[in-house]
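The following paragraphs introduce a protein model to a reader who has not seen it before. They proceed from the chain as a whole to its interior and then to individual residues.

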Amino acid sequence: MNINLDTKLDTRYYLTEIDKNPSSIFCYHKEISEAYVVEHKHEKGQFLYCEGGIVYVKIGKDTYYLPARHFMWIPPHAEHSIHPNTPDVIMRNLYFPISDHDDVFYKKLGIYPADGLLLELLLFSNKWLGDIGSEQRSEFIIAQAFKEILPQISKNSLKLTLPLPSDDRLKKIVQFLEDNMDSSITMKKITAEFGFSERSLSRLFQKDLQMTFVQYFTILRMLRALKLLIDGTYSISEISNMVGYNSLPTFSNTFQKVIGVRPTDYSKKKDIL
């Protein structure tokens, strides 16, 4: 089935169409006009790319941050909801049938930078909407090639996720980190502020969030930097200070390690489609 390009689709409609034809590749590109995409799952694996802001993908207790110029692979049967930070975000989706013989890449959730080749193919897919079956030979071959190159160009998944704390003490600490990010925050300062020993605080982070204090705070700062870069109001130097870095090179190196590109490159190319 092909969907007429003039047909007005809403989220409720397209979610029911993804798996109707199990052998097809389903394509859906649209501005997210709703506050969020409800929790759902599908038989096909999902390629998700967004432009115009940041999208939060919630899976279980984890919230994944998908920034512009990155894509997320969501494996089959993964229950998730999608939350854009602005209604102007354009969501680009391709849903692929996955077999037991496919590469292990397709069975794991991951977030990756989108390279030039992938973006060119994604731009070409703008003309597609709905099911792409083998009877549409040229489109189907290109869509299959799109799927096949993903494992080749996506070697290292980025850690762009922060679990929500369940411990009430940790919730207060995380809120303090968010509210005071522009100041010099160390673990010693947190222990003094909240009456923990460093050892007990470390145990609390590991038990509740499965990561260290430094890992959590570093990702938190880089995700704030991402939002500020996308906003476009501040210079990279200003953003560095706003997330607590006095050294611009240190900030740039940390950003590249967490996000996969340097802030200067990201700022130039965050929305190339």
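A residue is called buried when its relative accessible area is under 20%, exposed when that area is over 50%, and partly exposed in between. By this criterion, buried residues make up 50% of the 273 residues in the protein chain. The model is a predicted one, and the values given here are computed from it.

The secondary structure of the protein chain consists of 10 helices and 11 strands. The radius of gyration is 20 Å, close to the 19 Å that the globule rule gives for 273 residues, so the chain is as compact as a globular protein of that length. Along its principal axes, the C-alpha trace spans about 65 × 35 × 35 Å. Among the contacts with a separation of 6 or more, 73% are accounted for by residues 24 or more positions apart.

The surface may be considered next. The protein chain exposes about 13,500 Å², and carbon and sulfur atoms supply 50% of this area. As to charge, there are 33 positive and 33 negative side chains, and the centres of the two sets lie 7 Å apart.

In the interior, the largest nonpolar core has 64 residues. Leu48, Val57, Met72, Leu177, Tyr216, Phe251 and Phe255 are those with the most contacts inside it. Helix H7, which covers residues 213-231, supplies the largest share of this core, namely 12 residues. Leu177 offers a view of the surroundings of one core residue: leaving aside its neighbours within four places in sequence, Leu177 is in contact with Ile185, Ile190, Phe213, Tyr216, Phe217 and Leu220. Apart from the largest core lies another, of 23 residues, which includes Cys27, Phe96, Tyr112 and Leu119.

Two strand residues illustrate how parts of the chain that are separated in sequence meet in space. Ile59 is found in strand E4, residues 55-59. Is Ile59 buried or exposed? Its relative accessibility is 18%, and Ile59 therefore counts as buried. The C-alpha atoms of Ile59 and Glu79 are 6.3 Å apart, although 20 residues separate the two in sequence. Beyond its neighbours within four places in sequence, Ile59 is in contact with Tyr64, Met72, Glu79, His80 and Leu109; of these, Met72 is also one of the residues with the most contacts inside the largest core.

Asp62 has its place in strand E5, residues 62-66. With a relative accessible area of 23%, Asp62 is partly exposed. Thr161 lies 99 residues away from Asp62 along the chain, yet their C-alpha atoms are separated by 6.6 Å. Again leaving aside neighbours within four places in sequence, the contacts of Asp62 are with Val57, Thr161, Leu162 and Pro163.

Finally, the backbone deserves attention at two positions. Most residues other than glycine have a negative phi. His77, however, has a phi near 70°, a positive value in a residue other than glycine. His77 lies in the loop between strand E6 (70-74) and strand E7 (80-84), and at 47% relative accessibility it counts as partly exposed. Gln210 likewise has a positive phi, of about 55°, although it is not a glycine. Gln210 is situated in the loop between helix H6 (198-209) and H7. Its relative accessible area is 54%, so Gln210 is exposed.

Definitions and conventions: Residues numbered from 1 in each chain as written. Predicted model: local features only at pLDDT ≥ 70, side-chain atom pairs only at ≥ 80, totals over all residues. Heavy atoms only, no water. Helix = DSSP H or I, 4+ residues; strand = E, 2+ residues; numbered from the N terminus. Rg over C-alpha atoms; globule rule 2.2 N^0.38 Å. Buried < 20%, exposed > 50% of the residue type's maximum accessible area, 1.4 Å probe, protein only. Contact = heavy atoms within 4.5 Å. Areas by Shrake-Rupley, 256 points an atom, 1.4 Å probe, with all protein chains shown as cover. Lys, Arg positive; Asp, Glu negative; His and termini not counted. Charge placed at Lys NZ, Arg CZ, Asp CG, Glu CD. Core = buried A, V, L, I, M, F, W, Y, C linked by side-chain atoms within 4.5 Å.
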